[in-house]
Protein chains: 2
Amino acid sequence: MSSVFKALSDPTRRRVLQLLRAGPMSAGEIAARFEVSKPTMSAHFAVLREADLVHAEKAGKSVIYHLKLSVLEEALLGFVHSFGAGAEGSRAVPDDIPDKEPAT
Amino acid sequence: MSSVFKALSDPTRRRVLQLLRAGPMSAGEIAARFEVSKPTMSAHFAVLREADLVHAEKAGKSVIYHLKLSVLEEALLGFVHSFGAGAEGSRAVPDDIPDKEPAT
DNA sequence: CTCTCGTTTCGATATTTAGCTAAACATCGT
DNA sequence: ACGATGTTTAGCTAAATATCGAAACGAGAG
């Protein structure tokens with residue numbers, strides 16, 4: 001959960017996802033659209049991979065990245081939904097645990 | 001946009017929002033549920049305020065925080081929606097501008 | 001005036017993050 | 001073996017974050 005928001009909190013990574021929304025693309029193809037160095041791009045890819053927002057598929061000598069739309073959707077929609085967006089008393093899956101005891 | 005994901009990327013702030021989903025609460029009431037210092041809590045509140053996810057209302061000597069559900073919803077749902085979640089060719093409002101020219 | 005609530009500032013530290021260059025590496029295709 | 005594609009590591013900035021304690025400060029309530 002944190003990892004998704006973390007990944008999404010960087011503009012470059014959001015741009016990568018938006019690029020990917022048009023379809024799968026190789027790492028090189030994506031990197032070509034940005035001004036950053038290769039290692040930096042690889043790091044961004046790693047963050048996106050770890051958040052499970054993209055899937056890396058090895059195709060020959062290149063790596064094809066796929067947007068995992070369903071993961072993105074489920075994470076964000078699920079989060080919003082847990083806020084009772086339309087359903088009041090919905091506790092749903094609490095992603096975080098409280099700090100102190102509810103003081104009863 | 002960035003500010004929303006930024007705000008959401010911190011567990012403490014997410015917990016604050018989840019607390020607030022039960023209804024408005026004073027800063028002190030909220031702070032009492034966390035182990036962090038007052039200045040730190042105030043900082044978190046400031047981040048949430050800046051992301052426009054909460055509204056601070058001065059009531060007497062205390063400050064009541066309200067969750068801005070609509071803002072949270074619109075931000076996240078809007079973002080997801082821009083990914084064609086259900087509508088393929090939907091460019092929608094691009095929150096980020098590309099780095100390089102589209103190479104035509 | 002004093003007390004309470006909450007914010008803000010000060011000074012300090014620790015961690016994380018984004019970024020770079022350079023070089024090494026693993027894979028794969030030719 | 002060689003060249004291309006990516007990832008990873010190393011080593012290093014620079015900036016942002018998160019945290020603290022202590023103290024000052026503004027606004028209201030009594």
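These are my notebook entries on chain A and on the protein surface near DNA strand C, all taken from a predicted model.

**Entry 1, chain A.** I began with the secondary structure of chain A, which comes to five helices and three strands, and I read the order from the N terminus as α-α-β-α-α-β-β-α. I then looked up burial and found that 38% of the 104 residues in chain A are buried. Of the contacts in chain A with a separation of 6 or more, 48% join residues 24 or more positions apart. For the surface, I noted that chain A exposes about 5,800 Å², with 55% of it supplied by carbon and sulfur atoms.

**Entry 2, surroundings of DNA strand C.** I next asked which residues come closest to DNA strand C. There are 23 residues around the strand, and the closest are A:Lys6, A:Arg13, A:Thr40, A:His44 and B:Tyr65. By type, I recorded seven nonpolar, nine polar and seven charged residues on this surface. On the DNA side, 85% of the strand C atoms within 4 Å of the protein belong to sugar or phosphate, and the rest belong to bases.

**Entry 3, phosphate oxygens.** I looked up individual distances to phosphate oxygens of DNA strand C, and for B:Tyr65 a polar side-chain atom lies 2.5 Å from one. A polar side-chain atom of A:Lys58 lies 3.0 Å from a phosphate oxygen, while for B:Ala27 a backbone N or O atom lies 3.5 Å from one. The elements giving two or more residues to this surface are α2 (11-20) and α4 (38-50) in chain A, and α3 (27-31), α4 (38-50) and β3 (62-67) in chain B. I noted that α4(B) gives the most, with four residues.

Definitions and conventions. Residues are numbered from 1 along each chain as its sequence is written. Chains are lettered from A and ligands numbered from 1 in the order in which they are written. This is a predicted model: local features need pLDDT of at least 70, side-chain atom pairs count only at pLDDT 80 or more; totals for chains, interfaces and linings use all residues. Side-chain values use heavy atoms; hydrogens and water are left out. A residue is near a molecule or strand if one of its heavy atoms lies within 4 Å of it. A polar contact is a pair of N or O atoms within 3.5 Å; within protein, one must be able to donate a hydrogen and the other to accept it, and residues adjacent in sequence count only if both atoms are side-chain atoms. Ala, Val, Leu, Ile, Met, Phe, Trp, Tyr, Cys and Pro count as nonpolar, Asp, Glu, Lys and Arg as charged, and the others, Gly among them, as polar. Buried means under 20% relative accessible area, exposed over 50%, partly exposed in between (1.4 Å probe, protein chains only). Contact means heavy atoms within 4.5 Å. Accessible areas come from the Shrake-Rupley method with a 1.4 Å probe; for residues, only the protein chains shown count as cover.
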